[in-house]
Amino acid sequence: MEKLRVEHVTKIFGKQTAQALKLVEQQKSKTEILEKTGATVGVYDANFTVNEGEIFVIMGLSGSGKSTLIRLLNRLIDPTSGKIHIDGQNITSLSKGELQNIRREKMSMVFQNFGLFPHRTILENTEYGLEVRGISKEQRRLKAEKALQNAGLLAYKDQYPSQLSGGMQQRVGLARALANDPEILLMDEAFSALDPLIRKDMQDELLELQANVQKTIIFITHDLNEALRIGDRIAIMKDGKIMQIGTGEEILTNPANDYIRTFLEDVDRSKVLTAENVMVRPMTVNIENDGPKVALQRMREEEISVLIAVDKQRQFKGYITANDALEGAKNGLKSVQSFVKTDMPTVDSTTVIQDILPIISDSPTPVAVVDEGKLRGILIRGVIIESLASSSQGGELNE
Amino acid sequence: MNNFLNNIPKLEVADTVENTMDWLTKTFSGLFKVMQTGGKSVMESVTALLTAVPPIVFILVVAILAFFATRRKFGLPVFSIFGLLFIYNQGLWEQLMNTFTLVLFSSIIAIVLGVPIGILMSKNNVAENSIKPILDFMQTMPGFVYLIPAVAFFGIGVVPGVFASVIFALPPTVRFTSLGIRQVPKELVEAADSFGSTGAQKLFKVELPLAKSTIMAGINQTVLLSLSMVVIASMIGAPGLGREVLSALQRAQVGNGFVAGLSLVIFAIIVDRLTQSLNQKK
Ligand SMILES: Nc1ncnc2c1ncn2[C@@H]1O[C@H](COP(=O)(O)OP(=O)(O)OP(=O)(O)O)[C@@H](O)[C@H]1O
Ligand SMILES: [Mg+2]
């Protein structure tokens, strides 16, 4: 169901908005407009809808208008033109009092630098939204404590924000927003100030939360990985304009223009690189021809202790180890077939590194890359790690 | 050239101001009279009340206050005890109480007027731009000048003294209140707005608490400025330590002048430290 609809919304900061508007329509650049009129284009002609229960991510580089756009949604910034509907109600025409009610009941915001009030305790911060609604003291205490409990921060309720770490502060920021039980959550770079590990935890928490209580979430980030991880759909902005809207998959596979293509190159390689990009040539042994002595000879030459077993059609059959080959040679076996092991994990060549990493870290052997039964290569942990680390020159890997 | 300049008739600025003053004095004479007699009797009773307190009790109360206000340090309490005992010893106790009343009333009135004006200035750019030059004017004008309208409106005595002090001491409270509120981080103001706060809720729950220490710095300055008007106000008959200083000056009594001046300094230091310590975080 449609929760939020943004129609032709434009925000121009400054005085000569009419003239600036004319210039944007003529496709003039942001700097040119600023020079000519002194006005800044914050957002230009934004159009999108967000469905109930959806996480809608807005991303773009610094200055692209993300914060402006999200603030237009709760009218912390008033649009120069355009309409914003929430549950079918046009909020651009609301009176001050009506707007306050919408803010109190329908939506809450989470801020990049947490936006916690330094003179209020954690509990008092969490109560704030309920307090301004005029909810009785006991009631709001109860609700705020519950929200803090869910965030695992009840023990800190009498502390002040400055006594908490960044991650904890943002949990409070989220708890404060949720204590109000809003239908829409507006999150402006809510996790950007946190360090990467905590950030990932928070993303997980948000996804978990979303699985439990379905909110409509507008989430801003400049981090593509974050967008891909949590977004149901993603909008990419540039210079105040929305360039493309789609699922992560759609945008990755079908970028609308060169700008987005360049933008995407920034993406975490573990989500882009596939097995094919990082696999190495396998040392094989042919189970139909080769005996243990040949296998041992090859291992010695290549200084390895494992060979991949294949048949004449290079169908993947398993692997043999140096120990078994030695044993087999001692016992005078003619073929390696009797001691081929089959417990080597396999992936196909399109598997992304992110999914390979857990497999390879659990496996004592390398991982085989197999397409339709046929051996393509093997994956060695060292090589994968290296390919991630050297992501900056990783361009060739895609070839 | 010279001729040309001389041909311009003298602008009647002084006359205009005088006429306006006359008009004000006549039109509001009833109001001013009420303020004069009412204010005088209120302040005289406060002074009488303060003087009725045995000095030793007064001194101990100040010392205990100082002790807790400075977070259990001994410096200020000890200084207060010896300083106040010295003033008592010099026979200036009643004058001190008069000065105290004058400073108290001027400061309170300045704060009661100044904080709301400051709030208005912080919220409204038009108000900011029109009030700021007035404040500059008020601060650069020598304090003596305010005695003239004070006398015209109220005659002589303590009430015109308070009037002149209030005008002189008002600007820092106004300025710092406006500054403090404007300095509240934008994100916090947005947070308050985003939860649907009304203007008053935002002001009292977020902006004023966060601007508090800046406002207190302004109030501290206001108190000290009103103290600095004590001597000047004595010229129009306001009683207190200032009058001692003034009469010593008129009679060229160096010794008496020194003692009265020193008493004022002691009082100023106590007041300054006490108001400052209110501002420190627990
Ligand atoms: N109050 C304002 N007055 C004038 N210009 C503004 C104002 N707020 C934002 N802008 C301008 O609007 C444009 C978009 O700013 P916005 O803050 O929305 O960008 P952003 O995408 O959130 O960037 P960041 O990633 O740095 O937060 C910028 O060019 C900015 O300078
Ligand atoms: Mg931003």
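An oxygen atom of ligand 1 lies 2.6 Å from an N or O atom in the side chain of A:Ser67, in a predicted model. Such a pair is a polar contact, defined as two N or O atoms within 3.5 Å; within protein, one must be able to donate a hydrogen and the other to accept it, and residues adjacent in sequence count only if both atoms are side-chain atoms. The table lists this contact together with two others.

| Side chain | Partner | Distance |
|---|---|---|
| A:Ser62 | oxygen atom of ligand 1 | 2.5 Å |
| A:Ser67 | oxygen atom of ligand 1 | 2.6 Å |
| A:Lys30 | oxygen atom of ligand 1 | 3.0 Å |

Taken alone, ligand 1 exposes 630 Å², and the protein buries 62% of that area. Accessible areas come from the Shrake-Rupley method with a 1.4 Å probe, and for residues only the protein chains shown count as cover.

The elements of chain A that give two or more residues to the shell around ligand 1 are strand 2 (40–51) and helix 3 (66–73). Helix 3 of chain A provides the largest share, three residues. Helices (H or I, at least four residues) and strands (E, at least two) are DSSP runs numbered from the N terminus. There are 13 residues around ligand 1, and those that come nearest are A:Ser62, A:Gly63, A:Lys66, A:Ser67 and A:Thr68; a residue is near when one of its heavy atoms lies within 4 Å. By class, the shell holds two nonpolar, eight polar and three charged residues. In this division Ala, Val, Leu, Ile, Met, Phe, Trp, Tyr, Cys and Pro are nonpolar, Asp, Glu, Lys and Arg are charged, and the others, Gly among them, are polar.

Two residues are notable for their backbone angles. Most residues other than glycine have a negative phi. A:Glu372, however, has a positive phi near 45°; this residue sits in the loop between strand 15 (367–371) and strand 16 (374–379) of chain A. A:Glu372 counts as exposed because its relative accessibility is 82%, where exposed means over 50%, buried under 20% and partly exposed in between (1.4 Å probe, protein chains only). In chain B, B:Ala252 has a positive phi of about 55° and lies in the loop between helix 13 (241–250) and helix 14 (254–279). B:Ala252 is likewise exposed, at 63% relative accessibility.

Residues are numbered from 1 along each chain as its sequence is written, while chains are lettered from A and ligands numbered from 1 in the order in which they are written. Local features need pLDDT of at least 70 and side-chain atom pairs count only at pLDDT 80 or more, whereas totals for chains, interfaces and linings use all residues; side-chain values use heavy atoms, with hydrogens and water left out.
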